[in-house]
Amino acid sequence: MSSDDAYSSFLDQANQDTGASKSSASAKTATTKSVDTEVPAGLLSVEQYYTSEADEPFEPVSLQWDGQNMPSENEFAKLIGHGAEVTTMTTKEFDPREQYKEVLQAVGNAGEGKSSIFRVGHGKTRVEYYVVGLDKGKGRVVGMKAKAVES
């Protein structure tokens with residue numbers, strides 16, 4: 001009987017939560033602001049994933065913007081609350097295989113037909129892609145974003 005108790009005690013100790021997985025997961029999460037105003041309905045119906053080592057879904061973006069033109073890289077970094085690397089990309093660079101047509105079309109419909117693509121770096125391997133357009137009538141930048149892991 002004592003060997004059963006000892007084995008049970010061993011299993012209990014081996015299966016205790018050390019908390020290590022929680023702290024490492026939260027340290028790797030990249031967060032930027034993506035919604036602070038009403039999201040256009042057409043963006044809520046998009047169900048597509050960005051293909052990378054993480055295969056994350058596209059999420060709606062709707063941010064207040066008083067400018068008459070799309071924000072610059074620096075302005076966009078401030079808009080999303082990011083203090084590091086933000087660069088623009090062409091549609092061809094973002095979607096060389098033309099697999100994100102649904103996302104590009106939804107963003108074009110939600111904005112004024114033209115979209116911009118921002119690549120937001122989070123360290124060496126984590127990035128976010130923002131595909132956004134300008135909705136001057138409602139004073140906002142609208143679109144979709146996806147997280148990616150690129151090593």
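**Close-up views of a predicted model**

**Figure 1. The largest nonpolar core.** Within this core of 21 residues, the members that touch the most other members are Leu 43, Tyr 50, Phe 58, Phe 94 and Val 103. At least two core residues come from each of helix 6 (101-110), strand 6 (126-135) and strand 7 (140-149). The greatest contribution is that of helix 6, which provides five residues. The structure shown here, as in every other view, is a predicted model. In soluble globular proteins, nonpolar side chains tend to be buried together.

**Figure 2. Surroundings of Leu 43 and the second core.** Leu 43 belongs to the largest nonpolar core. Residues up to four places away in sequence being set aside, Leu 43 touches Pro 60, Val 61, Ala 106, Val 107, Ala 110, Val 142, Gly 143 and Met 144. A second core, separate from the one that holds Leu 43, comprises 14 residues, including Leu 63, Trp 65, Val 120 and Val 141.

**Figure 3. Overall organisation of the chain.** The protein contains six helices and seven strands. Read from the N terminus, these elements follow the order α-α-α-β-β-β-α-β-α-α-β-β-β. Buried residues make up 38% of the 151 residues of the protein. The exposed area of the protein is about 9,200 Å², of which carbon and sulfur atoms supply 47%. When contacts between residues at least 6 apart in sequence are considered, 65% of them join residues at least 24 apart.

**Figure 4. Packing of helix 6.** The buried residues in helix 6 are Val 103, Leu 104, Ala 106, Val 107, Gly 108 and Ala 110. The partners against which the buried residues of this helix pack include two helices, namely helix 3 (41-44) and helix 5 (91-94). Strand 5 (115-122), strand 6 and strand 7 are also packed against by the buried residues of helix 6.

**Figure 5. Val 132 in strand 6.** The position of Val 132 is within strand 6. Val 132 counts as buried because its relative accessible area is 0%, and the cut-off for a buried residue is under 20%. Beyond its neighbours within four places in sequence, Val 132 is in contact with Val 61, Met 70, Phe 76, Val 107, Lys 114, Ser 115, Ser 116, Phe 118, Val 141, Val 142 and Gly 143. For one of these partners, Phe 118, the C-alpha atom is separated from that of Val 132 by 8.1 Å, and the two residues are 14 residues apart along the chain.

**Figure 6. The buried pair Glu 128 and Lys 145.** A salt bridge joins the side chains of Glu 128 and Lys 145, with an N to O distance of 3.0 Å. Because Glu 128 lies in strand 6 and Lys 145 in strand 7, the pair ties together parts that are 17 residues apart in sequence. Both Glu 128 and Lys 145 are buried; for Lys 145, the relative accessibility is 4%. Apart from residues up to four places away in sequence, Lys 145 touches Thr 32, Ser 34, Pro 57, Phe 58, Glu 59, Val 61, Glu 128, Tyr 129 and Tyr 130. Among these partners is Phe 58, a residue of the largest nonpolar core.

**Figure 7. Salt bridges involving Glu 85 and Lys 101.** The structure holds five salt bridges. In one of them, the side chains of Glu 85 and Arg 119 meet at 3.9 Å, N to O. This pair connects distant parts of the chain, 34 residues apart: Glu 85 is in the loop between helix 4 (73-80) and strand 4 (86-89), whereas Arg 119 is in strand 5. Glu 85 and Arg 119 are linked with Glu 150 in a network of salt bridges. Glu 85 is partly exposed, with 42% relative accessibility. A salt bridge also forms between Lys 101 and Glu 98, whose closest N and O atoms are 3.6 Å apart. Glu 98 is likewise partly exposed, at 48% relative accessibility. Side chains of opposite charge can pair when their charged atoms come close.

**Figure 8. A nonpolar patch on the surface.** Tyr 7, Phe 10 and Leu 11 make up this patch, and together have about 320 Å² of accessible area. Leu 11 is located in helix 1 (residues 2-14). With a relative accessibility of 33%, Leu 11 counts as partly exposed.

Notes:
Residues numbered from 1 in each chain as written. Predicted model: local features only at pLDDT ≥ 70, side-chain atom pairs only at ≥ 80, totals over all residues. Heavy atoms only, no water. Core = buried A, V, L, I, M, F, W, Y, C linked by side-chain atoms within 4.5 Å. Buried < 20%, exposed > 50% of the residue type's maximum accessible area, 1.4 Å probe, protein only. Helix = DSSP H or I, 4+ residues; strand = E, 2+ residues; numbered from the N terminus. Contact = heavy atoms within 4.5 Å. Areas by Shrake-Rupley, 256 points an atom, 1.4 Å probe, with all protein chains shown as cover. Patch = residues over 30% accessible without salt bridge, like charges linked within 9 Å, V, L, I, M, F, W, Y side chains within 5 Å. Salt bridge = Lys/Arg side-chain N within 4 Å of Asp/Glu carboxyl O.
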